[in-house]
Amino acid sequence: MILPIRNFSEKNLSFQSKPNKGEEANVAYDKDTLLENTFANRTRIGLDKLTKAFTIYPAKGLKGSKNSNFYEFLTMGNVPYIIGSVTLMSIFNSVNSDFFPDAKSKASKLGNKMAMGVILYCVFKELAKSFITLPVKWKTGIDTELPYAKVNYLLQESPDDYNLTSIEYHKVGESVDFPRWDQLYGDPKKGEKLNFRYDKIAEKNGLGKDLNDSDQEVKPMYKEVLVKSKLAKSFTSFMWAATGVALAFQKPWENYFNVATLKFWKPKEFGHSLKVLGKSFVDSIKELYKGSPDSFSKLERHSGKALIGASVLVTLLGILNTLHITKKPSNVKGSDVMDKNKESVVS
């Protein structure tokens with residue numbers, strides 16, 4: 001029998017960021033709030049979602065809460081993903097003790113490389129998204145990964161419940177059809193111009209300064225960039241994820257596996273392990289590109305180059321296609337095509 005879960009709220013498990021100088025502490029959100037796309041905020045949001053995916057959201061589902069929603073369902077999708085990754089990483093190493101010494105050595109090498117493959121797959125897949133996001137933001141001023149905190153007002157589940165809220169983390173451009181335009185407007189109460197973000201994007205893309213309706217000029221461009229960047233990230237992330245897996249199976253990693261340790265309380269051994277990790281990573285990239293000395297065919301020797309080249313090419317094509325904006329408004333004014341000195345006939 002599953003009993004009701006009490007005192008197990010999102011408020012108790014919310015990660016709070018330390019305020020920057022001149023900013024207020026982010027204790028709670030009383031309305032939907034735009035957040036800066038910084039590493040600290042991305043880390044905080046990731047930890048918050050991961051913690052709730054293993055604790056609060058499953059508890060609400062098992063309880064039959066009327067406040068469970070699709071966002072929580074999608075967030076919990078990380079749980080089987082992580083469990084499956086850990087299972088794959090341990091599938092060889094967990095039974096090594098039952099093998100003969102020679103078989104144990106071979107199984108350990110393969111198991112370690114599989115584990116490294118899972119890690120590099122995740123790292124490269126997430127990192128690849130930045131290969132599109134950063135150049136696009138630099139060139140157009142449009143941050144396609146800009147996050148915001150959404151405040152949900154919950155339904156009453158017991159007589160003692162009142163003013164209950166939950167926080168969800170979304171992105172302004174999460175929906176291509178319905179971006180959260182309201183989050184991009186400035187707050188006059190804070191001394192911000194209403195269209196200051198749109199003004200910056202318009203100026204960055206050569207539409208001019210001090211436009212009367214910069215938001216209306218920018219929105220079609222913004223949506224086009226969102227669509228193209230999502231497509232580019234889909235292709236790019238999986239290409240680089242495949243490159244990460246191939247990188248994990250290079251021989252230089254064996255040098256790291258021989259000295260690998262997580263015993264950070266032994267700084268000398270741990271420091272040496274990190275040093276070997278860096279060297280093994282660099283040497284593995286070189287071997288993937290040049291080909292293993294043990295390769296017998298040209299296909300084996302050049303497959304790494306082909307994979308890296310394809311990943312770079314897909315990334316560049318994705319960036320160029322995203323930056324090719326076709327929905328820029330025309331800079332031609334009525335005065336440029338109408339001559340006031342000439343007669344005109346109105347019929």
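Good morning. I shall begin with a single residue, F281, which is partly exposed, with a relative accessible area of 30%. Please bear in mind throughout that this is a predicted model.

What does F281 pair with? The ring of F281 pairs with that of W253: the two centres are 6.3 Å apart and the planes stand at 65°, so the pair is edge-to-face. The angle decides the class here, because planes over 60 degrees apart count as edge-to-face. W253 belongs to helix α8, residues 253-259, while F281 belongs to helix α9, residues 267-290, so the pair ties together parts 28 residues apart in sequence. In contrast to F281, W253 is buried, with a relative accessible area of 1%. The two residues also belong to one aromatic cluster, together with Y256 and F257.

Let me place this in the overall architecture. The protein has eleven helices and three strands. Along the sequence, their order reads β-α-α-α-α-α-β-β-α-α-α-α-α-α. Of its 347 residues, 34% count as buried. The surface exposed by the protein is about 22,800 Å², and carbon and sulfur atoms supply 61% of it. Among contacts between residues at least 6 apart in sequence, 66% join residues at least 24 apart.

I return to the aromatic residues. How many aromatic pairs are there? The count comes to nine aromatic pairs. One of these joins F131 and W240, whose ring centres are 5.5 Å apart and whose planes meet at 75°, so this pair is edge-to-face. It links distant parts of the chain: F131 is in helix α5, residues 101-140, and W240 is in helix α7, residues 214-248, with the two positions 109 residues apart in numbering. F131 is partly exposed, at a relative accessible area of 31%. W240, at 14% relative accessibility, counts as buried, because the limit for that class is under 20%. A further ring, that of Y289, has a charged neighbour: K305 lies over its face, at 5.1 Å from the ring centre.

I turn now to the nonpolar interior. Which residues have the most contacts inside the largest nonpolar core? This core has 20 residues, and those with the most contacts inside it are V172, L184, V218 and Y222. Two or more residues come from each of α5, α6 (196-204) and α7. Of the elements, α7 gives the most to this core, with six residues. For Y222, leaving aside its neighbours within four places in sequence, the contacts are I142, D143, V172, W181, L184 and I201. Two of the residues just named with the most contacts in the core, V172 and L184, are thus among the contacts of Y222. There is also a second, separate core of 13 residues, which includes M116, F257, V276 and I308. F257 is one of the members of the aromatic cluster with which I began.

Next, helix α2, residues 56-63. Its buried residues are I56, Y57, A59 and K60. Why can these be assigned to one side of α2? They cover an arc of only 160° around the axis, which puts them on the same side of α2. These buried residues pack against α1 (39-54), α3 (70-75) and β3 (165-171). After α2 comes G64, whose phi is positive, near 80°.

Helix α1 also contains K49. Is K49 buried or partly exposed? At 26% relative accessibility, K49 counts as partly exposed. Not counting residues up to four places away in sequence, K49 touches Y71, T75 and Y169. The C-alpha atoms of K49 and E168 are separated by 8.5 Å, although the two residues are 119 residues apart along the chain.

My last residue is N93, in the loop between α4 (78-90) and α5. N93 is partly exposed, with a relative accessible area of 29%. Leaving aside its neighbours within four places in sequence, N93 is in contact with A107, S108, G111 and N112. The C-alpha atoms of N93 and A115 are separated by 9.4 Å, with the two positions 22 residues apart in numbering.

To close, I would recall two points from this predicted model. The edge-to-face pair of W253 and F281 ties together α8 and α9. The pair of F131 and W240 links α5 and α7. Thank you.

Methods:
Residues are numbered from 1 along each chain as its sequence is written. This is a predicted model: local features need pLDDT of at least 70, side-chain atom pairs count only at pLDDT 80 or more; totals for chains, interfaces and linings use all residues. Side-chain values use heavy atoms; hydrogens and water are left out. Rings of Phe, Tyr and Trp (its six-membered ring) pair if their centres lie within 6.5 Å; planes under 30 degrees apart count as stacked, over 60 as edge-to-face and the rest as tilted. Helices (H or I, at least four residues) and strands (E, at least two) are DSSP runs, numbered from the N terminus. Buried means under 20% relative accessible area, exposed over 50%, partly exposed in between (1.4 Å probe, protein chains only). A charge sits over a ring if NZ of Lys or CZ of Arg is within 6 Å of the ring centre and within 35 degrees of the ring normal. Contact means heavy atoms within 4.5 Å. The arc is that of the directions from the helix axis to the C-beta atoms. A nonpolar core is a set of buried Ala, Val, Leu, Ile, Met, Phe, Trp, Tyr and Cys residues joined through side-chain atoms within 4.5 Å. Accessible areas come from the Shrake-Rupley method with a 1.4 Å probe; for residues, only the protein chains shown count as cover.
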